[in-house]
Amino acid sequence: MERQKRVAAIHDISGFGKCSLTVALPIISAAGIETSVMPTAVLSTHTGGFTGFTYRDLTEDLPPFAAHWKNLGLQFDALYSGFLGSFEQIDIVEDIFRQFRTEDNLIMVDPVMADNGELYSIYTPEMAKGMARLCKSADLIVPNLTEAAFLLEREYQEGPYEKQEIEELLKALAALGPKKVVLTGVWFDESQLGSAGYDSTTGEISYAFSERIEGSYHGTGDVYGSALLAGLLNGLGLQKSMQLAVDFTCGAIRRTKAAGTDIRFGVNFEMEIPALLKNLGLVK
């Protein structure tokens, strides 16, 4: 029997409002992959649209956490980082990548720091520069278009976009250091929304789209990133993993919109997991 793959997910955890670890852990685990978690912060809710939330910074816990894992001889098929709770955590996570990198594992960075043209409230331009440095340590990065602008220190441009514009962005992001880039929130017309991918080792550019659903839903970047990683570790190539992630995310959004759920609460990805597993070929 084939050895079970293992991921280290380095994200914050919000007690309510589906995002970060409460999204990554169930999705990646459902895809048959053992998921170890390293929390960067603990919040009562996420910060998008909620007020009065509690926030506990776990920066000091990360080095001993990693040291214990190292002492246990743990190895990971992928390390996947998302929201980091402080500037200091960027250097710490960079060091964790160095400690656990092997010749054939995948280091994936979702540079969670901005959306809709603006940095998140706890992020500073200095942290954005630090995140660009962390991206140099990655094999794959998954920014949205706002994050791409901050990583490249450019002005954010509203869509719709031109293909040439997106492809130039992909190549500029790959020049930061990662071999592969997936850019989310890409659209060329009002009818479709999706992602664009670039593999600098082959020069291949690929796209994955689904029908556009109006509205902005919290946690969808984490849903997308987790499904993308699940596809890659189950042997799908970059483009197929992108389409898998787009279809899964859009299916979850459609369910949430139909139910009229408060957009702050996150999307109903749970009911989409059977479709994800079918598309992965794990169930019939």
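**Notes on two helix pairs and a pocket**

1. Let's start with helix 1 (residues 21–30) and helix 7 (residues 220–233): in this predicted model, their axes come within 9 Å and cross at roughly 30°. Angles under 35 degrees count as roughly parallel, so helix 1 is roughly parallel to helix 7. The crossing of this pair is right-handed.

2. Who does the touching here? On the helix 1 side, look for Val-23, Ala-24, Ile-27 and Ile-28; helix 7 brings Asp-222, Val-223, Ser-226, Ala-227 and Leu-229. Sorted by class, this contact of helix 1 with helix 7 has seven nonpolar residues, one polar and one charged.

3. Next up, helix 3 (residues 87–100) and helix 4 (residues 125–136). Their axes come within 9 Å and cross at roughly 5°, which means helix 3 is roughly parallel to helix 4.

4. Which residues make the contact between helix 3 and helix 4? Helix 3 puts in Phe-87, Ile-90, Asp-91, Val-93, Glu-94 and Phe-97, while helix 4 supplies Glu-126, Met-127, Gly-130, Met-131, Arg-133 and Leu-134. By class, that gives seven nonpolar, one polar and four charged residues.

5. Now for a pocket. The second largest pocket holds about 220 Å³ of space. Its lining has six charged residues, four nonpolar and one polar. If you want to find the pocket on the model, residues to click on include Lys-5, Asp-77, Asp-104, Asp-139, Lys-179 and Lys-180. Asn-105 also lines this pocket, as do Leu-106, Leu-140, Leu-232 and Leu-233.

Note on methods. Residues numbered from 1 in each chain as written. Predicted model: local features only at pLDDT ≥ 70, side-chain atom pairs only at ≥ 80, totals over all residues. Heavy atoms only, no water. Axes fitted to C-alpha atoms, helices over the stretch in contact; angles between N-to-C directions. Helix = DSSP H or I, 4+ residues; strand = E, 2+ residues; numbered from the N terminus. Parallel < 35°, antiparallel > 145°, perpendicular 65-115°, else oblique. Left-handed = near helix turned anticlockwise from the far one by under 90°. Contact = heavy atoms within 4.5 Å. Nonpolar A, V, L, I, M, F, W, Y, C, P; charged D, E, K, R; others polar. 1 Å grid on protein atoms, 1.4 Å probe; cavity = no way out; pocket = protein on both sides within 12 Å on 5 of 7 lines; lining within 4 Å. Points joined across faces, edges and corners; volume = space filled by probe spheres on them.
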